[in-house]
Amino acid sequence: MSVMAMRQWLTVGRRRVLYACGAAILLFAVGNVLRPGFAGLASVEAVLVVASFVGLVAAGQTFVILIGGIDLSVPWILNAAAILLVTSSLGENIRAPYALLLTLGMGALAGMVNGLGIALLGVPAVVMTLAMNGIMQGLTLGLSGGMTCSACASYAPPLIQQAVHDRLLGIPMALYLWLAVILIVSFVLSLTMFGRATYAVGTNPRASYLAGVNVSAITVTLYALSGLFSALAGIILVGFGGQASLGMGDPYLFQSIAAVVIGGVYILGGRGSYVGAAAGAVTLVTLVSVLLTMNMPDYGRSITYGVIILMLLLLYGREEAGS
Amino acid sequence: MPSEALADRPAIAKPRRRALTHGLTQNAPVLLALTMLIVSLVLYVAIFLLTQHHLPGGFEITTTVNDTMPLAAAAAGQTLVVLTRGIDLSVGGIIDMSNAIAAVTLRDTPASMSLVTVMVLLIGAAAGLVNGLLVAVGRLQPILVTLATLSIFQGIAIRILPQPGGSVPQIYTNILANPNAPWSLVYIALLGALWWAFRRSSLGVAILAIGNDPMAASSNGINVVRARVMAYVLAGMLAAAGGLFLAASATGGDATTGDSFTLRSIVAIVLGGVSLFGGRGSAVGGIIGAFITIMIANLLFFAHVNQLYESFFEGVFLLIAVVAASGIGYLARRRA
């Protein structure tokens, strides 16, 4: 490839994806110095599996951030999904398909309500999804009696646990699932009408409306997808850990937004890709693992985490001058 | 309004009516918030009477006011930032931090109490300064900056006070959150008066102007960077004050109790009619919103609604308030 063609291919967006990948590799190297074996296969695999959970949530977050929105209802849609899955399946394989459909439907429905509020009632995305988070939290806590219900202690159906833990050709199934999500989401975003319309709405909703894009329908669909992905992450998480617990969704709000931003998706919409967000998820989870390896106490991790996000933002998250 | 409609009215009535409609439209969000507050108050008294068989007395009023103070301060600060089209998610972290510092360092001497108060307020201002500089000078998105600094401030708070504890002298509690009488209303009045003056200061005008149109504000000679930074500094200071009120009423410290204030301060200002798109709203609205938020919690408590459902109702009320506010704003604009 000639230098010119190389330059043309290396757009700002692609450069950011490369930065995110580079940062992840660098972090593995640093981790390996701190604790030999950190960059070993088993450890890399563990990091990737955890990153896949963040990555699933980040898929939904990417969708809504691409149109300049944000989804703050992630934590409790995820948590509600995890609890709904165990309580509706009662740990029995025979109920698993029904429980899966119910849970995914719940997530998509909550997301759709978000989208309807934002697109039709004109509620700001921050307020709408914040309120939805509260609504889901209240419903989850209230209906499960604060996780005291008899069905709440059920395990995820063995089928779902196996689907997460089993290996194919030595690689955990969770990673295949993530790979499939990466391929499908990237395909939808870059090669379909729907994907192009998403970028158009994110760049300029008014112009897209005038060009005949159904902005409301796109908005509602994207938020519904975000809810769906949160619910999917909840299902995978409960399959991975076996049981549901209260507060299990809390870390995923910050992490999903951070992953999307590290991956070079423009927070005001219109620019970015899911491959970037996925790379961002890997970077973020590697960072957390390195901090864990250093035996850093909780507070230190919290501080370092914030400082590194700020540094990454200062490196390439800045708006153009004059805007 | 078409001019023919006005022609047959007495000439004197015209300007008065206009001034009244103008005042109503201008303050519609605050008036709406006030109406919601009155409705929630009436409901509260009714339910209290039904379940407790007597009217709420001094104790209930004092508790409500003391419960509201931390949120009212945080909401007033959040208002300033939101007016500039920003958002401050680190409010909870700053409250955690100031709460922890107060609980660890306060001693039962006047010198210690005044020194710690000033120190905590300055630390809050410094935390706000970091936010403001990153947003205004660093040109980063407010929501991302304050999400990151929230994590940092929470970490610092836990470092200072790993387990709930520490102590707050009784006198300090009596001054900030007197448990015997609703003296804290003085601070509410003070906040209101400060807003009234601030609104008319050059900084206040600058902050509102930025929220309406940063480019136009800049063209008119407003130092956009400075005003934006100051909004975050003041918000940090107010959040720190909220942390002090919280420590005083809990008579101890907890490095995590502030966390919920990030979301609740946003709920409060939205209920108080502050536009999240910037440029519109008042800190008085935010303070009223804080009262409504606490009243809703009280209401649900005395209605014997399962406490687990509390955030469900908070979410529903938040949505109703936003939709109602935008609906009324739309009608008012159409009539005007």
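What follows is a short working chat about a predicted model with chains A and B.

Trainee: Before I read any detail, what is the average pLDDT of chain A?

Mentor: Keep in mind that this is a predicted model. Chain A averages a pLDDT of 83. In that chain, 96% of the residues score at least 70.

Trainee: Where is confidence lowest in chain A, and where is it highest?

Mentor: Lowest is helix α1 of chain A, residues 3–9, with a mean of 70. Highest is helix α11 of chain A, residues 215–241, at 91.

Trainee: Why should I care about low spots?

Mentor: Where pLDDT is low, the predicted coordinates should not be read in detail.

Trainee: OK. What is the secondary structure of chain A?

Mentor: Chain A has 14 helices and two strands. Its radius of gyration is 20 Å, and the globule rule gives 20 Å for 323 residues, so chain A is as compact as a globular protein of that length. Its C-alpha atoms fill a box of roughly 65 × 55 × 40 Å along the principal axes.

Trainee: How much of chain A is buried?

Mentor: Buried residues make up 51% of its 323 residues. Take the contacts in chain A between residues at least 6 apart in sequence: 77% of them join residues at least 24 apart.

Trainee: And chain B, how many helices and strands?

Mentor: Chain B has 15 helices and zero strands. Its radius of gyration is 21 Å, which agrees with the value near 20 Å for a compact globule of 336 residues. The box for its C-alpha atoms is roughly 70 × 60 × 35 Å. Of its residues, 49% count as buried. For contacts in chain B with a separation of 6 or more, residues 24 or more positions apart account for 81%.

Trainee: Switching to the interface. How many residues does each chain put into the contact?

Mentor: Chain B gives 36 residues and chain A gives 37 residues. On the chain B side, the elements giving two or more residues are α7 (142–160), α13 (261–271) and α15 (310–335).

Trainee: Which of those has the largest share?

Mentor: That is α15(B), with twelve residues. By class, the side of chain B that touches chain A has 22 nonpolar, ten polar and four charged residues.

Trainee: Give me one residue to look at. Where is A:Ile303, and what does it contact?

Mentor: A:Ile303 is in helix α14 of chain A, residues 298–316. Setting aside neighbours within four places in sequence, A:Ile303 contacts B:Ile152, B:Gly155 and B:Ile156.

Trainee: Is A:Ile303 buried or exposed, and why?

Mentor: A:Ile303 counts as buried because it has 20 C-beta neighbours inside 10 Å. The cut-off for buried is 20 or more.

Trainee: Now helix packing. How do people describe two packed helices?

Mentor: By the angle between their axes and the distance between the axes.

Trainee: Then what are those values for α10(B) and α12(B)?

Mentor: Helix α10 (residues 202–212) and helix α12 (residues 224–250) of chain B have axes that come within 9 Å and cross at roughly 100°. The two helices are therefore roughly perpendicular to each other.

Trainee: Which residues make that contact?

Mentor: From α10(B), they are B:Leu203, B:Ala206, B:Ile207 and B:Ile210. From α12(B), they are B:Val224, B:Ala227, B:Arg228, B:Met230 and B:Ala231. By class that is eight nonpolar, no polar and one charged.

Trainee: Which residues of α10(B) are buried, and what covers them?

Mentor: The buried ones are B:Gly204, B:Ala206, B:Ile207, B:Ala209, B:Ile210 and B:Gly211. Their cover includes α4 (58–83), α9 (185–200), α11 (214–219) and α12 of chain B.

Trainee: What comes in the loop between α10 and α11 of chain B?

Mentor: B:Asp213 lies there. B:Asp213 is partly exposed, with 14 C-beta neighbours inside 10 Å. Its C-alpha atom is separated by 8.0 Å from that of B:Gly279, 66 residues apart along the chain.

Trainee: Last topic, backbone angles. Which sign of phi is usual?

Mentor: Most residues other than glycine have a negative phi.

Trainee: So what is phi at B:Arg139 and at B:Thr251?

Mentor: B:Arg139 has a positive phi near 55°. B:Arg139 sits in the loop between α6 (110–137) and α7 of chain B. B:Thr251 has a positive phi of about 50°. B:Thr251 is in the loop between α12 and α13 of chain B.

Trainee: How many C-beta neighbours does B:Arg139 have?

Mentor: B:Arg139 has 16 inside 10 Å, so it counts as partly exposed. B:Thr251 is partly exposed too, with 16 other C-beta atoms within 10 Å.

Definitions and conventions. Residues are numbered from 1 along each chain as its sequence is written. Chains are lettered from A and ligands numbered from 1 in the order in which they are written. This is a predicted model: local features need pLDDT of at least 70, side-chain atom pairs count only at pLDDT 80 or more; totals for chains, interfaces and linings use all residues. Two residues are in contact if their C-beta atoms, placed from the backbone, lie within 7 Å. Helices (H or I, at least four residues) and strands (E, at least two) are DSSP runs, numbered from the N terminus. Ala, Val, Leu, Ile, Met, Phe, Trp, Tyr, Cys and Pro count as nonpolar, Asp, Glu, Lys and Arg as charged, and the others, Gly among them, as polar. The radius of gyration is taken over C-alpha atoms; the globule rule is 2.2 Å times the number of residues to the power 0.38. A residue is buried if 20 or more other C-beta atoms lie within 10 Å of its own, exposed if 12 or fewer, and partly exposed in between; C-beta atoms are placed from the backbone. Axes are lines fitted to C-alpha atoms, for helices over the stretch in contact, and angles run from 0 to 180 degrees between N-to-C directions. Angles under 35 degrees count as roughly parallel, over 145 as roughly antiparallel, 65 to 115 as roughly perpendicular and the rest as oblique. pLDDT is the predictor's confidence in each residue, from 0 to 100.
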